[in-house]
Amino acid sequence: MSTENGNDMRQIRRQLRMTQEEFAHAIAVTASTVNRWENAHAVPSRLARRAIEELMSRRGLCPAEAAGAPALAVAY
């Protein structure tokens, strides 16, 4: 997933059928953090990207298969 584009984050969250608050709670960040990501005021950290990938996996949403949502890129 390109974390430079807030629309990607919004699309993933919506495909998971979660509110910003639910999504934030599931990945242990605040709702305002999710809002900043979605509005391109900030980007997720590596730890947050991993948490998002794990959440997607648990919910059966493969990053590569999410409609229009590219896979999360995690830099090591």
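Analyst: Let's start with a term we'll need: a salt bridge is a side-chain nitrogen of Lys or Arg within 4 Å of a carboxyl oxygen of Asp or Glu. Keep in mind that what you're looking at is a predicted model.

User: Okay, what makes Arg10 and Glu38 a salt bridge?

Analyst: Their side chains come to 3.4 Å, N to O. The cut-off is 4 Å, so the pair qualifies. The two sit in distant parts of the chain, with Arg10 in helix H1, Glu38 in helix H3, and their positions 28 residues apart.

User: How many salt bridges does the structure hold?

Analyst: There are 2. Besides the pair with Arg10, Glu38 meets the side chain of Arg13 at 2.5 Å, N to O. That distance is within 4 Å, so the name fits here too. Because Glu38 lies in helix H3 and Arg13 in helix H1, this pair ties together parts that are 25 residues apart in sequence. As the salt bridges share partners, Arg10, Arg13 and Glu38 end up in one network.

User: Why do charged side chains pair up like that?

Analyst: Side chains of opposite charge can pair when their charged atoms come close.

User: How do you know whether Glu38 is buried or exposed?

Analyst: Check its relative accessibility, which is 4%. Buried means under 20%, so Glu38 counts as buried. Arg13, with a relative accessible area of 9%, is under that cut-off as well, so Arg13 is buried. Arg10 is buried too.

User: And Arg17, buried or exposed?

Analyst: Its relative accessibility is 76%. Exposed means over 50%, so Arg17 counts as exposed. You'll find Arg17 in the loop between H1 and H2.

User: What makes the link between Glu38 and Gln20 a polar contact?

Analyst: Their side chains come to 2.8 Å. The limit for such a pair of N or O atoms is 3.5 Å, so this one is inside it. Leaving aside neighbours within four places in sequence, Glu38 is also in contact with residues including Gly6, Asn7 and Met9.

User: How do you know where the buried residues of H3 sit around the helix?

Analyst: The buried ones are Thr33, Val34, Trp37 and Glu38. Looking down the axis of H3, they fall within an arc of 135 degrees, so they line one face of the helix. What they pack against is H1, H2 and helix H4 (46-58).

User: What is worth pointing out about phi in Ala40?

Analyst: Phi of Ala40 is positive, about 60 degrees, although Ala40 is not a glycine. Ala40 lies in the loop between H3 and H4. Arg17 has a positive phi as well, near 55 degrees, and is a residue other than glycine.

User: Why is the pattern written α-α-α-α?

Analyst: That is the pattern read along the sequence, and the secondary structure comes to 4 helices and 0 strands.

User: What about confidence, say the average pLDDT?

Analyst: The protein averages 84, and 76% of the residues score at least 70. Among the elements, helix H1 (residues 6-15) has the lowest mean, 91, and helix H2 (residues 20-26) the highest, 98. Where pLDDT is low, the predicted coordinates should not be read in detail.

Note on methods. Residues are numbered from 1 along each chain as its sequence is written. This is a predicted model: local features need pLDDT of at least 70, side-chain atom pairs count only at pLDDT 80 or more; totals for chains, interfaces and linings use all residues. Side-chain values use heavy atoms; hydrogens and water are left out. Buried means under 20% relative accessible area, exposed over 50%, partly exposed in between (1.4 Å probe, protein chains only). A polar contact is a pair of N or O atoms within 3.5 Å; within protein, one must be able to donate a hydrogen and the other to accept it, and residues adjacent in sequence count only if both atoms are side-chain atoms. Contact means heavy atoms within 4.5 Å. pLDDT is the predictor's confidence in each residue, from 0 to 100. The arc is that of the directions from the helix axis to the C-beta atoms.
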